Amino acid sequence: MAANGVNGTHNQSKDKVFLIWGGEGWVAGHLKELLEQQNEKVFTTTVRMENRESVLAELERVKPTHVLNCAGCTGRPNVDWCEDNKEQTIRSNVIGTLNLTDCCFLKGIHITVFATGCIYTYDKTHPAGGQGYLETDPANFDGSYYSATKSKVEEIMKTYSNCLILRLRMPVSDDLHPRSFVTKISKYSHVVNIPNSNTILHDLLPCAILLASAGDTGIYNFTNPGAISHNEVLALFKKHVRPDFEWKNFTEEEQSKILKAGRSNCELNSGKLVKRMKDFGIDVKDVHTAYDECFQRMKAKGIK
């Protein structure tokens, strides 16, 4: 395995077999479709990550070369759920995630973990419009229990030599799936207007497959370059998808009165991902371009 997590050789001599954990989930469904389109051998599972014997048995049954971990607890309808269900959140996001990674390590299997970049918040060194957070920057946001568990487990998990960690933020699909960031904010009565990094799945999920297949390890900020505000997103949504759409803003202080937990607002520096993708001949589109094209695809499908 390459020490710096690039061009790893873990299990590269075998025919690839992908096993997607959290197989009934939103991102998992997109990954499965992509892999099938590429004629890759792919399986899915809903085995609980924290059940070690069941995990080991599933790995032995499928014998994957690559595990894609899309499982975890984000809460329904949002991360506020985690504030009242801390033990269940720990069991999934900490114990489960580490257990699955460890089992893969013991069996010589590469694992890609679809993690989160919601472990940072703007500060004096990283203000809105300034430099984005690097993969090496320590987490500085624990305003929600969800984010607190995610940052702590990443700090441990990153030491595993078989593990690739992809930090998504506010992921968006080319439809109005309930889990998509656009769907969520389009249904709110009021939204804050803060620039953030976003992950456009259409652009970046193929990159995840490339990184996993190449055996890369370590952490990547898995977002389109740049940051985009809520108002900018909704303006593009109005332009391309729903011309009669209207929305209202409110402040972070006003927002905090209706939430149990704080929310992460930050920009991640995706330079490492952009540089690595050039090795595959891929230019990662900036977030404004990616959103514009995403909404154009939605319009072409007749989505409103």
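**Exercise 1. Place Arg276: is this residue buried or exposed?**

Solution. Arg276 counts as buried, with 5% relative accessibility. The cut-offs are under 20% relative accessible area for buried, over 50% for exposed and partly exposed in between, using a 1.4 Å probe and protein chains only. Next, locate the residue: Arg276 sits in helix H10, residues 271-278. Helices here are DSSP runs of H or I with at least four residues, strands are E runs of at least two, and both are numbered from the N terminus. Finally, check a distance: Arg276 and Asp216 are 60 residues apart along the chain, and their C-alpha atoms are separated by 9.9 Å.

A quick word on the ground rules. This is a predicted model, where local features need pLDDT of at least 70, side-chain atom pairs count only at pLDDT 80 or more, and totals for chains, interfaces and linings use all residues. Residues are numbered from 1 along each chain as its sequence is written, and side-chain values use heavy atoms, with hydrogens and water left out.

**Exercise 2. Work out how the chain compares with the globule rule.**

Solution. Start with the inventory: 11 helices and 6 strands. The radius of gyration is 19 Å, close to the 19 Å from the globule rule for 304 residues, so the chain is as compact as a globular protein of that length. For the record, that radius is taken over C-alpha atoms, and the rule is 2.2 Å times the number of residues to the power 0.38. Along the principal axes, the C-alpha atoms fill a box of roughly 50 × 40 × 35 Å.

Now look at the inside: 53% of the 304 residues are buried. Of the contacts with a separation of 6 or more, 79% join residues 24 or more positions apart; a contact means heavy atoms within 4.5 Å.

Then the outside: the accessible surface comes to about 13,700 Å², and carbon and sulfur atoms own 51% of that. The areas are Shrake-Rupley values with a 1.4 Å probe, and for residues only the protein chains shown count as cover.

**Exercise 3. Trace the strand pairings of E3.**

Solution. Strands pair if DSSP finds at least two bridges between them. On one hand, E1 (residues 17-21) runs parallel to E3, joined by 4 bridges. Trp21 has Asn69 as its bridge partner in E3. On the other, E3 is joined to E4 (residues 110-116) by 4 bridges, also parallel. There, Leu68 has Thr112 of E4 as its partner.

Last step, the faces of E3: His66 and Leu68 are on one side, Val67 and Asn69 on the other, and all are buried.

**Exercise 4. Do the same for E6: which strand is joined to E6, and which way do the residues point?**

Solution. E5 (residues 163-168) is joined to E6 by 4 bridges, and the two run parallel. Leu164 stands opposite Gly218 in E6. Within E6 (residues 218-221), Gly218 and Tyr220 point one way, Ile219 and Asn221 the other, and all are buried.

**Exercise 5. Find what Asn99, Phe245 and Ile282 touch.**

Solution. Take them in turn, leaving out neighbours within four places in sequence.

- Asn99 is in helix H4, residues 86-106, and is buried at 9% relative accessible area. Its contacts are Met49, Glu50, Asn51, Arg52 and Val55.
- Phe245 is in the loop between helix H8 (230-240) and helix H9 (252-256). Phe245 is buried too, at 7%, and touches Ser186, Leu234, Phe237 and Lys238.
- Ile282 lies in the loop between H10 and helix H11 (287-300), partly exposed at 25%. Its contacts are Leu210 and Met277. The C-alpha atoms of Ile282 and Cys207, 75 residues apart along the chain, are separated by 8.6 Å.

**Exercise 6. Pick apart the positive phi values of Asn39 and Lys63.**

Solution. First, the background: most residues other than glycine have a negative phi. Asn39 isn't a glycine, yet has a positive phi of about 60°. Lys63, also not a glycine, has a phi near 55°.

Next, where are they? Asn39 is in the loop between helix H1 (26-37) and strand E2 (41-45). Lys63 is in the loop between helix H2 (52-62) and strand E3 (66-69).

Finally, accessibility: Asn39 is exposed at 71%, and Lys63 is exposed at 53%.
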